[in-house]
Amino acid sequence: TLQQLILDTLDKEKEIKDTRSLTLPGEAQLATSHDAQIAILGALNSLSSREMITYESNEVFSYVLTTEGQQIAKEGSHEARVWGAVPTKGVGAPLPIPALKKAVGDETAKVGQGRAFKNGWIGKEGDGLVKLVPEIKDQTQLDMQEIENTGALKAGEKTLADLRKRKLVVQKKGQWFVVHKGPSFSTSTAKPETDLTADMLASGSWKSANFKKYNFEADGIPTSGGALHPLLKVREEIRDIFLEMGFSEMPTQSFVESGFWCFDALFVPQQHPARDLQDTFYLSDPKESAAPEHHYYKRVSTVHEHGGFGSVGYRAPWNHDESRKLLLRTHTTASSARMLYKLAARCRGEDTESDADELTHGAATSTETGEEAKDDGFRPAKLFSIDRVFRNETMDATHLAEFHQVEGVVADRGLTLADLIGFMRVFFAKMGIEQVRFKPAYNPYTEPSLEIFAFHPMLQKWVEVGNSGMFRPEMLEPMGFPKDVRVHGWGLSLERPTMIRYGINNIRTLVGHKTSLEAIENSAAVMF
Ligand code: PHE
């Protein structure tokens, strides 16, 4: 190709002083024609845009033949044709003018006669014309041929001006170029590779590939990295607080729970509004849970229906189906209940390798009276979980059908409400919430129950941040805990403190299908 020719010539000769000296591929002639110049300019522009060459252009005037000029180059000038058509003096009969016109055409006869006479080539004899010289030199034809071949005439400007006047040639502006090697000079015109591909590795073509140089000045594409969701960040922070306070994490993988563990075991009455369809999602398939352990089930149903452990119970008929219904857990207290039941296994005299053993810290504690008591199997425990719960809520800016609950329970002998309050103050202070207030509240499973309020410095008001209480004997004693064991617990949402902390005012920008990944990536929470 032309580009290759230019590169090869440069390679050989270091520079091209004049592109008109190139012989183009497939053309025997030098690159002086107009078409060749256009092609060369195209090739030069393409190569210089890749910095393989640099070039300077020069203007040049060249001459081309008109149609008449071309005819002269081929057949001779009008006067030469007239001379050729007439007989030599004394050899044949002189040629009459009408016969000459017939032989060479009106135009040639008219123009050529005068010049042939002037040149002394022909003469008149009677009514006809005869040659006066045996041979002629047709300078005009020679000039035309020279111009046709070279675009120029050595004879010079004066003759050219005369030929232009005679409308045999026209002047044309042309270009020629001086070409040098550029900074990226190479004899290969293949576009340099920008990427090393798997195909190149597989075929081995990388070995001979021409790779584009790195441009260290180029602006980079903004990088995007992974980002932890703000909820995960805050979850990690809260988990750290629990761990540094000596808590163990509870298993909370069972999103699907039974009515028994979510409500009955917590002494939530079977007629409680929280159990309504409007508040709880029930499963249609499978519908029913496996049966809980028989003796415990019996104790739970009895304390609901008839009372016991010092309670009169709800004195309402027990519904077995209600207990066996499967649902999406409405709080992680269902998981806490399962763990507390396990924690009490040894108190029930079950000599089992209990999961709860891992969650307790070994030593038996003495009873309130301090006297040396027989080991009733109880071990104190501090447990926590942070996981997802589901409620059939009307969704709005602050409510979703699912959210995360932070939950903690502390089990020990002789705990009081003051322990709970004191503990809450410490726990919330570690979360950066110093001002807390407690308000009496109601939960079916705790008595007393306290709502926790924190002063929000930005909003300049008290906002509810959690719910807590001392678990009821109706819940703990059927599990088998000794009478002096108290368990306090509390729960809060993970979303609320996250939203407050990072100034997010719509929960839907934080959780759910409307969450924007960009907002997550750019969240202040992600930076710390
Ligand atoms: N389960 C309660 C809730 O969902 C929180 C709580 C946990 C309250 C433990 C008291 C004790 O709000």
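**Figure 1. Lys167 lies in the loop between helix 8 (157–165) and strand 6 (169–181).** The model is predicted. The phi angle of Lys167 is positive, near 60°, in a residue other than glycine. Is Lys167 buried or exposed? Lys167 counts as exposed because 11 other C-beta atoms lie within 10 Å, and the limit for an exposed residue is 12 or fewer.

**Figure 2. The loop between helix 11 and helix 12 holds Phe267.** Phe267 is not a glycine, yet its phi is positive, about 65°. Phe267 is buried, with 26 other C-beta atoms within 10 Å; a residue needs 20 or more to count as buried. Pro286 is also placed in the loop between helix 11 (259–262) and helix 12 (294–305). The peptide bond that joins Asp285 and Pro286 is cis, with omega about -5°.

**Figure 3. A cis peptide bond leads from Glu447 to Pro448.** Omega of this bond is near -5°. Where is Pro448 found? Pro448 is part of strand 13, which covers residues 446–456.

**Figure 4. Strand 4 and strand 5 make a hairpin with two residues between the strands.** The strands, residues 122–125 and residues 128–131, run antiparallel and are joined by four bridges. Lys124 is opposite Leu129 of strand 5. Gly126, in this hairpin, has a positive phi near 65°.

**Figure 5. Seven strands form an open sheet with mixed pairing.** Strands of a sheet pair through backbone hydrogen bonds, either parallel or antiparallel. The order of the strands here is 7-10-11-15-14-13-12. Strand 7 (248–249) and strand 12 (436–443) are the edge strands, and each of them pairs on one side only. Within the sheet, strand 11 (residues 402–413) pairs with strand 15 in the antiparallel sense, over nine bridges. Asp412 has Arg486 of strand 15 opposite. Helix 10 (residues 230–244) packs on the sheet and touches strand 10 (381–390) and strand 11. The directions of helix 10 and strand 10 make about 165°. Helix 14 lies across strand 10, strand 11 and strand 15, and runs at about 25° to strand 11.

**Figure 6. The largest nonpolar core has 53 residues.** Which residues have the most contacts inside this core? They are Leu266, Leu340, Ala411 and Val487. Helix 14 (residues 333–343) gives the most to the core, six residues. Beyond its neighbours within four places in sequence, Leu266 is in contact with Thr333, Ala337, Pro444, Tyr445 and Met475. A second core, separate from this one, has 17 residues, including Ile6, Ala36, Leu44 and Ile53.

**Figure 7. The residues around the ligand include His331, Thr333, Glu407 and Trp490.** The others are Asn443, Thr446, Asn467, Ser468, Gly469, Gly489 and Gly491. Which strands each supply at least two residues of the shell around the ligand? Strand 14 (461–471) and strand 15 (485–493) do. By class, one residue of the shell is nonpolar, nine are polar and one is charged.

**Figure 8. The protein chain has 20 helices and 15 strands.** This view places the close-ups in the chain. Of its 528 residues, 31% count as buried. Among contacts in the chain with a separation of 6 or more, 67% are between residues 24 or more positions apart.

Definitions and conventions:
Residues are numbered from 1 along each chain as its sequence is written. This is a predicted model: local features need pLDDT of at least 70, side-chain atom pairs count only at pLDDT 80 or more; totals for chains, interfaces and linings use all residues. Two strands pair if DSSP finds at least two bridges between them. Two residues are in contact if their C-beta atoms, placed from the backbone, lie within 7 Å. A nonpolar core is a set of buried Ala, Val, Leu, Ile, Met, Phe, Trp, Tyr and Cys residues joined through C-beta atoms within 7 Å. A residue is near a molecule or strand if its C-beta atom, placed from the backbone, lies within 6 Å of it. Ala, Val, Leu, Ile, Met, Phe, Trp, Tyr, Cys and Pro count as nonpolar, Asp, Glu, Lys and Arg as charged, and the others, Gly among them, as polar. Axes are lines fitted to C-alpha atoms, for helices over the stretch in contact, and angles run from 0 to 180 degrees between N-to-C directions.
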